[in-house]
Amino acid sequence: MSTGPATPPREQQRDMQSTGEVRAMAEMPARAGIGLAGGFLPPLVALAIAAVVGDLLILSFGEAPSTVFRLLVEGTWGNAYGIGQVLYKTTTLACTGLAFALAGRAGLFNVGAEGQLAAGGFGAALLGMLLPAGTPALVAVPLCLLAAMLVGAGVGAVPGALRAKFGASEVIVTIMLNFIALAFLNWIVSSKLHVPETLHTPPIVAGMMPRFADSFAAFRGSAANFTIVFAVLAAVASWWYLFRTRAGYELRAVGLQPDAAEYGGVRVPRVLLVTMCLSGALAGLGGMNFVLGYKGYYEEGFAGGAGFLGIAVALVGRNHPFGILGAALLFATLSQGGLAVNAIVPKQLTDILTAVVILAVATAVPEVQKQLRAAAANVTAAFYRDARKGVS
Amino acid sequence: MILLTFLLQTIRIAIPYLLAAAGGVMSERVGIIALGLEGMMLAGAFGAALGSYYGGNPWAGLAGALVAGAMVTAVLAVATLRYKANQVVVGVAINLLVVAATRFYLRRIFDSASNSPRVPGFGGEGAGGMFASFVNPVVWMGLAALPVLAWVLYRTPFGLRARAVGEKPEAAATLGVAVTKLRLQGLLIAGSLASLGGAYLALDQHQFSDSMTAGRGFIALAAVIFGRWEPVRVAVACLLFAGAETLQIQLQGSQMIPSQFVEMIPYVLTIVALAGVVGRSVAPAALGKTE
């Protein structure tokens, strides 16, 4: 980079950016053509493969697949409690999925959502404990939300800064930070803050998020709560940021072609740092769901793999904020469905299916798309050949 | 005497790290990111318990570990080499898959959510006293793994090609090296080594328990990076991490440092190393690129 030409003058920079934009737009219709099929294809292909693997696993357990799948659907979308639980799990997964996707758009692999989520949840719980009892919810909830996002952003900033300044692989740093953050939180909770005989902090005194069950009797017993509104807002905000702001454009430019982006005047290290902070903040937001929406305290191990599942969510949602909401619903259904079928097959069945979906999306889907595209090209070529024959 | 105990315990603890890290070096040297080490180890541990349980002796356990490791490696190889899927994504998926699958089959086969029944391991109870662990052939495999790998990488034609494939696959291909085949071989070696590391854990504890690798695959990966992909340096890193763990166990009674902080040492060291304090790390140039 240092040997490259000096930064081009301002005029030219704007020019290059606009040509980039124009070119991207010119490609739009072409992409939308396969995009329409492409949008629905990954989940469908992945689910088909997962269904086959699921059948085999269930058969290997000596049970009938139809019975198991019926139980799975009934236990999730078949009643208000099931739906409530799915929505509760969707909330966390949407946040960690958004966290992974936002970083992914900038070419960064944030494998650290697990630690960022836990740290965010701890931040919310700590503030919730420190606020004076009786602080009105309208003040306490946003403050706790801010705390969760700030702490998450703080944890995300470390790999961001190391990547921006030293070029350290964010994949490795985030994995290592997961262990460090969880061990650190474990230490604080077990030696300073816990309720005796438990692994959780004392309950928060202000900042609880209302549950759906408080408003709609049908959801009684389920953990569904209004944090999901924030998750949806976060998805909308992410979409707006990514596709409607200059910063989002720069973020995507860095993800597509870091060298070109730098030459076009984007301050790449800055973008990397800011993106990792935002990504961490989104994961931290997910920690609120458990702390403010469900239990009312921070408990060790509450993240329970939701951080890693966010990777699956982002993949199936094709790194698009709205796709992620749908993908989060899918994986939340699988996760809750595992509990529903646990009586006859181990609940890990759906965890295996989750991993199969990830592998399928990463391998089979691009392959199927390639085949489809080749087939489409053949049809088009044949069409033109025939048309030419018709003329002559 | 205390020093000798410390040393012996460090070696015992280092064995799974040494084996998995050797696998990690092999995998990354041929250009495949070794994020799946944890899954390979866990599969190896489960395969070892199964083999030892049904075969009635630990050698069957080792065979079981190699089969289980090969199965996981096959999935990884197909996804990354045949379909060119993103290696980070595949690595994370493999780890999730193995955790879930071992739990699933733990219930299917042993009807337990947490652990297998007791299985035969190497060395009877009390035999050999303090040096008991050295009747275990896996210990010797662990001690030999990285030196042998160093010899293979730097002194054999296979090693030369492997390094070429990890650094400049196009150039290697031009010279007639079958890049994909060589990467597959590298991955199979990596999977075998990592699954032996898992087998050590299961046979040492005479059972498989849920998620018993507990992040050791990631520590091994940390050692690979910390040792800058050089087998000898990686071996030193493994011993360093194992020493810290031994220290933690020895200090547990005295409560001088909270155990959580000692747990962090390998991870913090890795981050520090990555940030360039120890010197710019030079990853194999083609790492993660299979286009």
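**Figure 1. Helix 1 and helix 10 of chain B cross with their axes within 7 Å.** In this predicted model, helix 1 covers residues 2-29 of chain B and helix 10 covers residues 231-251 of chain B, and their axes meet at roughly 140°. That angle makes helix 1 of chain B oblique to helix 10 of chain B, because only angles over 145 degrees count as roughly antiparallel. The crossing of these two chain B helices is right-handed. Looking for the side chains to display? From helix 1 of chain B, the contact includes B:F6, B:I13, B:Y17 and B:V25. Helix 10 of chain B contributes, among others, B:P231, B:C238, B:L247 and B:Q250.

**Figure 2. A:F383 and A:Y384 form an aromatic pair, one of the 21 found over all chains.** Here the ring centres of A:F383 and A:Y384 are 5.7 Å apart, and 70° separates their planes. The arrangement is edge-to-face, because the angle is over 60 degrees. A:F383 has a relative accessible area of 55%, so this residue is exposed.

**Figure 3. Six residues of chain A gather into one aromatic cluster.** The members to pick out are A:Y88 and A:F122, together with A:F290, A:Y294, A:Y298 and A:F302.

**Figure 4. Two arginines of chain B lie over aromatic faces.** Within chain B, B:R82 sits over the face of B:Y83, at 4.7 Å from the ring centre. B:R108 reaches a ring of chain A instead: B:R108 lies over the face of A:F61, and the distance to the ring centre is 5.3 Å.

Terms used:
Residues are numbered from 1 along each chain as its sequence is written. Chains are lettered from A and ligands numbered from 1 in the order in which they are written. This is a predicted model: local features need pLDDT of at least 70, side-chain atom pairs count only at pLDDT 80 or more; totals for chains, interfaces and linings use all residues. Side-chain values use heavy atoms; hydrogens and water are left out. Rings of Phe, Tyr and Trp (its six-membered ring) pair if their centres lie within 6.5 Å; planes under 30 degrees apart count as stacked, over 60 as edge-to-face and the rest as tilted. Buried means under 20% relative accessible area, exposed over 50%, partly exposed in between (1.4 Å probe, protein chains only). A charge sits over a ring if NZ of Lys or CZ of Arg is within 6 Å of the ring centre and within 35 degrees of the ring normal. Axes are lines fitted to C-alpha atoms, for helices over the stretch in contact, and angles run from 0 to 180 degrees between N-to-C directions. Helices (H or I, at least four residues) and strands (E, at least two) are DSSP runs, numbered from the N terminus. Angles under 35 degrees count as roughly parallel, over 145 as roughly antiparallel, 65 to 115 as roughly perpendicular and the rest as oblique. A crossing is left-handed if the near helix is turned anticlockwise from the far one by less than a right angle, and right-handed if clockwise. Contact means heavy atoms within 4.5 Å.
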